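Could you walk me through a few local features of this model, starting from how each one is read?

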Amino acid sequence: MQETVVIVVGAGPSGLATAASLNLLSIPNIVLEREDCFAPLWQKKSYDRLHLHLPKQACELAHMPMPTSYPTYPSRLQFIQYLRDYVSHFGISPVYHRLVESASFDEVTEKWKVKVRVIHGGSDEIEEYSCRFLVVASGETSDAFIPEVEGLSSFKGEVLHSTQYKCGKEYADKTVLVVGSGNSGMEIALDLSNYGAKTSIVVRSPVHILSKEIMHLGLFLARYLPFNMVEYLTVMLSKIMYGDLTKYGISRHEEGPFTVKAKYGKYPIIDVGTYKKIKSGEIQVLPALTSIRGSEVIFKNGESHPFDVIVFATGFKRSTNKWLKDDDLLDDNGFARLMPPNNWKGKKGLYCAGLAGRGLTGARVDAEKIANDIKTLL
């Protein structure tokens, strides 16, 4: 049994920010990570052309700004280098290949008991840890999700999740369907089209499309103007820039982009060039798919089209509820039950970081609050 004061589950940005905040306060902690590296989503499961969709100031982790030499919207590789420097600067040493199987609170010792499976080189070893405080920082994007589709197993081409997609170069001249119209789906569709793939994208639900500049302006104005006014101005600017989206098979959500984010956890689309391709017809918008027969995909409007490749940009699930016992902090989907600012703290020394749908900004805020709270309790 290994004992420490704090165990942090997950070495993504939320876990790293928490560990850094704890280290600054000289609070002993162990970071457990199931993959073989920190920030595995960024290092191993992101496409090559990815850049931060928000200005770098909104994406900095606790206690360390990004380099002034970085552009406003750093690339994936620049962000990974920032994380690498962050880990080194704060002396963070995650324990890799550790899959948490169970975590429960022992009423007798008043400590958390964490059972971990070592997943490396065919090992079946079980390790046990004990801690006074447990921080869930396993991320909102922990387990890739592909929905059940009738006939998917019969598809004769390639099927992959967005976490497996790297670059459109290998799909040049192929007919590719992207399922999912979030930011990843939209940008992957753009990347495919840029490399010469005949690209279609499924847009099933109403969305908001904003440019980076409109999004940046909205975040800036939110410091000084009422929420409703900021949202109204943001939508008006979007309508002026993008016009009537329905002619391209896209409907605009009736509620504003920031309301949709707060109520449903859905981010607005930050357009990086996809809209222009849709407008020109280089990217075709299709409705929800209903089934698959061989290479043919059938859609809600009754049409069917053949494809060589299907990329599912359909998001993620969280598996926290499979291993965390006696939990009143997270809901069944693995998100914080309570809205900010009360999202980060549960009972019996249980905390969560970066699970309230507020991105990297939320991870930073949660990490600092958690470390400071633990300090007051010691």
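The dialogue below takes up salt bridges, then backbone geometry.

Q: Before we start, what kind of model is this, and how are residues numbered?

A: This is a predicted model, where local features need pLDDT of at least 70, side-chain atom pairs count only at pLDDT 80 or more, and totals for chains, interfaces and linings use all residues. Residues are numbered from 1 along each chain as its sequence is written, and side-chain values use heavy atoms, with hydrogens and water left out.

Q: What counts as a salt bridge, and how many are there?

A: The rule asks for a side-chain nitrogen of Lys or Arg within 4 Å of a carboxyl oxygen of Asp or Glu. Here that gives 14 salt bridges.

Q: Which parts of the chain does the pair Glu107 and Lys348 tie together?

A: Let's begin with the contact itself: the closest N and O atoms of Glu107 and Lys348 are 3.0 Å apart. Glu107 sits in the loop between β3 (98–106) and β4 (111–118), and Lys348 in the loop between α9 (320–323) and β18 (350–352), so the salt bridge links parts 241 residues apart in sequence. Helices (H or I, at least four residues) and strands (E, at least two) are DSSP runs, numbered from the N terminus.

Q: Is Glu107 buried or exposed?

A: The scale is relative accessible area: buried is under 20%, exposed is over 50%, and partly exposed is in between (1.4 Å probe, protein chains only). Glu107 is exposed at 52%, while Lys348 is partly exposed at 38%.

Q: What distance separates N and O in the salt bridge of Lys263 and Glu255?

A: Their side chains meet at 2.7 Å, N to O. Glu255, at 24% relative accessible area, is partly exposed. Elsewhere, salt bridges with shared partners join Glu35, Asp36, Lys44 and Lys45 into one network. Within that group, Glu35 and Lys44 pair at 3.3 Å, N to O; Glu35 is buried at 17% relative accessibility, and Lys44 is partly exposed at 35%.

Q: And the backbone: which sign does phi usually have, and which form do peptide bonds usually take?

A: Most residues other than glycine have a negative phi, and most peptide bonds are trans. Ser26, which is not a glycine, has a positive phi of about 60 degrees. Ser26 lies in the loop between α1 (13–24) and β2 (29–32) and is exposed, at 64% relative accessibility. His63 has a positive phi of about 75 degrees, is placed in the loop between α2 (40–44) and α3 (76–89), and is partly exposed at 41%.

Q: Where is there a cis peptide bond?

A: Look from Pro340 to Pro341, where the bond is cis with omega near 10 degrees. Pro341 belongs to the loop between α9 and β18.
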